Structure formats: C-alpha cells, structure tokens
Amino acid sequence: MDIAAALAQASADLKQPQDLDAALATIAKVACESTPGIDHVGISVAHRGGRIETRAWTDQVVVELDQLQYDTGQGPCLQALETDGVVRVEHARHEQRWPAFIPGAVRLGLRSQLGVRLNSDARTFGALNLYSFSSDTLSDETVQMSELFASHAALAMGHAERIGNLSAALTSRKVIGIALGLLMHRLEIDEPTAFAYLTRMSASTETKLRDVAASVVADHEARFGRGATEAGEPEPAGA
C-alpha cells in the first residue's frame with residue numbers, strides 16, 4: 001500500500017465515530033498493515049508527572065517491548081520523546097546505544113525499530129513505536145510513513161484533549177452556577193456578592209474555585225438531599 005492509499009484508509013476509518021482508544025487502535029492497525037518492513041506497532045502516551053503507558057498495540061509483544069523501555073528507562077521510544085523526535089534503529093543485535101534495553105528486545109525478536117514523537121500544538125503527547133521482526137533495515141519510505149501516522153495520532157490526541165478540556169470547563173461552570181444559586185438563596189445575597197464570597201473562600205483556602213463550588217454543593221446535598229440541589233433550595237422538613 002502506498003502512502004496516499006494508507007493515509008486515505010486511515011482518514012476514512014477515523015471519520016467513523018469512536019473514542020480516543022478506538023482511534024489510536026485504528027491508527028496503529030493501519031500503520032502496521034501499510035508501513036513497509038513493519039510487523040508490530042504501538043502508541044505510547046506520556047502523562048504529566050513522567051508516567052508513560054502503552055495505549056494501543058497490534059500484538060502483545062508490543063506491550064512487552066514498550067514495558068522493557070519503561071522499566072530500563074532507555075530505548076528509542078524514550079529518546080524520541082526526550083530529544084530526537086525520530087529515532088531509527090537498524091541491525092538491532094549490533095546496537096550499542098541502549099545496553100539495558102537492546103539485549104532483551106533482540107531476544108523477543110526485534111531486528112529494527114522506529115520511535116517517533118507525537119507532537120501537536122507544541123505539546124508532546126507520546127510516541128509511535130514501530131517494530132520490525134523481519135528486516136534489519138528500514139527504508140526512507142518507512143520513516144516518512146511513520147511520521148505521517150504519528151501526525152495522525154497526535155491530531156487525534158490533541159482533539160481528544162480539547163474535547164476533554166471543554167467538557168471539564170462546562171462541568172465546572174455548571175457546578176459554580178449551582179453553588180452561586182445556593183449561596184444567594186441561603187445568604188439572601190445577589191449573584192455578584194455570592195461570586196465574591198466564593199472567590200474569597202478560594203483565595204483563603206488556596207483551593208480552586210470549582211472545588212470550592214463543588215464543596216458548597218456537596219455540603220448542601222449532605223444536609224438537605226440531592227433533590228434539594230436541583231430545586232436550588234432545602235427540601236421541607238420530613239420530605
């Protein structure tokens with residue numbers, strides 16, 4: 001499959017409604033099937049705080065190879081993430097750069113590998129890992145296609161993050177609005193005064209505004225029941 005056909009297939013598959021895990025699985029599958037010389041593909045996701053996990057894979061051996069890199073703290077995936085962007089490994093049995101990773105990887109069958117960083121909007125999301133058990137060398141076409149699939153994966157992850165941030169913002173806005181209504185009713189104050197009350201609580205306790213609002217709502221529900229929150233006022237005694 002040539003580059004244009006591979007990308008057309010990936011784009012067609014990704015147009016179908018699916019969550020992030022399904023999208024990444026699709027990209028890994030199409031990349032594996034269409035990239036010359038590649039037998040297995042995985043997508044590693046980097047979390048804030050330094051933790052890395054394999055989020056999509058085409059075979060269990062991918063999980064083993066990825067985990068070997070995470071455990072040893074070295075390998076093409078980690079180097080791509082930290083410094084180089086694209087890391088190419090050929091004739092793996094002779095590779096000297098990662099002595100804690102390579103011997104175990106070769107025992108699992110590795111002959112060559114690519115690690116490609118996933119970047120979108122100046123954010124690093126993780127890495128696309130392509131493993132060959134059948135070839136000691138990787139063509140320039142293979143490298144080019146791996147970078148295109150990495151771009152697809154990064155775009156999917158960036159889209160998911162934006163949707164997640166929007167959802168979180170909408171949820172926060174709703175909770176803050178409910179808290180304001182409760183404070184206005186309880187303290188008999190207007191909305192600006194209720195908002196100032198919340199912000200003072202946030203500043204004095206060094207707590208995010210949405211968390212203070214959530215605390216106000218939770219306290220009200222504990223005292224009067226969840227139904228009272230929806231009504232914006234306490235339920236009658238004995239209700």
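Which side chains along strand β3 (residues 86-89) are buried, and which are not? Open this predicted model and select β3 to find out.

**Strand β3.** The side chains alternate along β3. Val-87 and Val-89 point to one face and are buried. Val-86 and Arg-88 point to the other face and are not buried. As a rule, side chains in a regular strand alternate between the two faces of the sheet.

**The partner strand.** Next, add strand β4 (residues 112-120) to the selection. β4 pairs with β3 in the antiparallel sense, over four bridges. To see one position in this pairing, pick Val-86: opposite Val-86 stands Val-116 in β4.

**The loop after α6.** Move on to the loop between α6 (140-187) and α7 (191-205), and select Glu-188 there. The phi of Glu-188 is near 55 degrees, a positive value in a residue other than glycine. Most residues other than glycine have a negative phi. Glu-188 is exposed, because its relative accessible area is 73% and the exposed class begins over 50%.

**The loop after α7.** Follow α7 to the loop between α7 and α8 (209-224), where Glu-206 is placed. Glu-206 is not a glycine, yet its phi is positive, at about 55 degrees. With a relative accessibility of 76%, Glu-206 counts as exposed.

**Cysteines.** Finally, select Cys-32 and Cys-77. Cys-32 has a relative accessible area of 16%, so it is buried, since buried means under 20%. Cys-77 is also buried, at 0% relative accessibility. A search for disulfides over the whole structure finds zero.

Definitions and conventions: Residues are numbered from 1 along each chain as its sequence is written. This is a predicted model: local features need pLDDT of at least 70, side-chain atom pairs count only at pLDDT 80 or more; totals for chains, interfaces and linings use all residues. Side-chain values use heavy atoms; hydrogens and water are left out. A disulfide is a pair of cysteine sulfur atoms within 2.5 Å. Buried means under 20% relative accessible area, exposed over 50%, partly exposed in between (1.4 Å probe, protein chains only). Helices (H or I, at least four residues) and strands (E, at least two) are DSSP runs, numbered from the N terminus. Two strands pair if DSSP finds at least two bridges between them.
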